[in-house]
Amino acid sequence: LTSELNKINPTDSEALKKFFKVAVKPDIWDWFMEWRTAGMLTSPYTQERNIIGNIVGRMFAIPEKVSAGGADSIRSFLNGQPRERYIREAGADVVGMVRGFRPAMQSALNALLDEDFTFSSRTGEALRFGKAIPGMVGRIIRMPFRALNAMDEFFSSINTTSSLYTQAYRQSLKEGAKDVILRTAELIKNPNLEMLSNASQQALYETFRQPLGKGGMAIQSALMKTKIGKFVVPFFRTPVNLFKWSFDRSPLGLYKLATPQFYKLSQGKMADEIGKMAFGQLISAGMAYEAWQGNITG
C-alpha cells in the first residue's frame, strides 16, 4: 500500500480519495459510531444551541473590539508608542458582517446540500470515516452532520469576512491613509497572506473549532486511540474550546494578568486580551447582580 500511495501526486485530491476508499474500508464499528454520533446531534435543541453559541461568540466580538481599542488608546497615551487597536474597528467588523451575509448563506447552503463540501472537525473528531454508511440510508442518517456543518460554515464565513474588514481598516488607520475607506477597500480586495491567515484563525476561534494546545491534544489523542475512548467521549475539542472561551471572559480569566506570558504578547494582542477581560467582567457583574436579586440561578 505504501508503494502505491507514493505513486500518487499528493496534490491530486481525487486520486487520493479513490486510493483510501479502496485501501481502507469502514467496518461495523464505524457504521455504529456514525449512526450513534448522528443520533446524538438529531435533537433540534442541539442544533439550536449550536446556533446560539455561534451568535453569542459573534456578538461578543464587536464590543470586545471597542474595549480593546479603548485599552490600547490609554496604553499609547501613557507610553507614547503608536496605536495598535482602534475603537472604530468595531464599525468595520459590523460592515464586514453585513457584507459577508450573502456568501455565508451560500456556504451554508452548499454544506447542507453537498456532503463533500466540508466535513467539520466538530463531528469528524468522533468518527474514523466521514461517510461510513453507504447509499441513501447513510445520507439520511448523516443529515444532522450537514445541518451542524451548514451553521458552522455560515458563521465561519461571517467571521472571516468581518476579520478581513477589521484588519484592512486597522491597517489603513495605522498607515495614516488620506482616504481610509478607499485604502480599506484596496486591502480587502487584495489581502495579504497574514490577513488571510488571521481571518482563518479568527473564524476557527469564534466557532470554537481551533486546534487544542499540547495538553488538550495529548488527551484527545489518548481518547481517540481506543474505541472505548471514542464511545465515552465522542466530542472533546469543541467542549474544551467552549470552556476556554467562557473561562477567559469570567472573573477567573483575570489570572492572566499575573502571568509572565501575558506581558510577552505584542501590544495589539495584549489589547485584544484586555478587551475580552473587560467586556467579560461587565457581563459577569451583570449576571452576579441578577443572581443576587434572585432573578437567575445556576
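**Entry 1: helix α3, buried side**

I began with the residues of α3 that are buried: D30, M33, E34, R36, T37 and A38. I note for the record that the model is a predicted one. I then looked up what these buried residues pack against, and found α8 (135-141), α9 (143-175) and α13 (227-232).

**Entry 2: helix α3, extent and cap**

I recorded α3 as residues 28-40, a helix of 13 residues. From its first C-alpha to its last, α3 reaches 18 Å, close to the 18 Å expected at 1.5 Å a residue. At the N-terminal end I asked which residue caps α3. The cap is D27, with a side-chain oxygen 3.1 Å from the backbone nitrogen of W29.

**Entry 3: the chain as a whole**

I counted elements next: the protein chain has 15 helices and zero strands. The chain holds 298 residues, and 40% of them count as buried. For its accessible surface I noted about 17400 Å², with 65% belonging to carbon and sulfur atoms. I also looked up contacts between residues at least 6 apart in sequence, and 72% of these join residues at least 24 apart.

**Entry 4: the nonpolar cores**

I turned to the nonpolar side chains. In soluble globular proteins, such side chains tend to be buried together. The largest nonpolar core here has 10 residues, namely I62, A90, M97, A104, A108, A111, A150, F154, F155 and I158. I asked which elements give two or more residues to this core. They are α5 (89-99), α6 (101-113) and α9. The largest share, four residues, comes from α9.

I examined F154, one of the residues of this core. Leaving aside residues up to four places away in sequence, F154 touches F101, A104, M105 and A108. I also found a second, separate core of seven residues, including A38, L41, L127 and L148. A38 had already appeared in my notes as a buried residue of α3.

**Entry 5: F208**

My last lookup was a backbone angle. Most residues other than glycine have a negative phi. F208 is not a glycine, yet its phi is positive, about 65°. I asked where F208 lies. It is placed in the loop between α11 (193-206) and α12 (214-224). I then asked whether F208 is buried or exposed. F208 has a relative accessible area of 4%, and therefore counts as buried, the cut-off being under 20%.

Key
Residues are numbered from 1 along each chain as its sequence is written. This is a predicted model: local features need pLDDT of at least 70, side-chain atom pairs count only at pLDDT 80 or more; totals for chains, interfaces and linings use all residues. Side-chain values use heavy atoms; hydrogens and water are left out. The expected span of a helix is 1.5 Å times one less than its number of residues. Buried means under 20% relative accessible area, exposed over 50%, partly exposed in between (1.4 Å probe, protein chains only). Contact means heavy atoms within 4.5 Å. A polar contact is a pair of N or O atoms within 3.5 Å; within protein, one must be able to donate a hydrogen and the other to accept it, and residues adjacent in sequence count only if both atoms are side-chain atoms. Accessible areas come from the Shrake-Rupley method with a 1.4 Å probe; for residues, only the protein chains shown count as cover. A nonpolar core is a set of buried Ala, Val, Leu, Ile, Met, Phe, Trp, Tyr and Cys residues joined through side-chain atoms within 4.5 Å.
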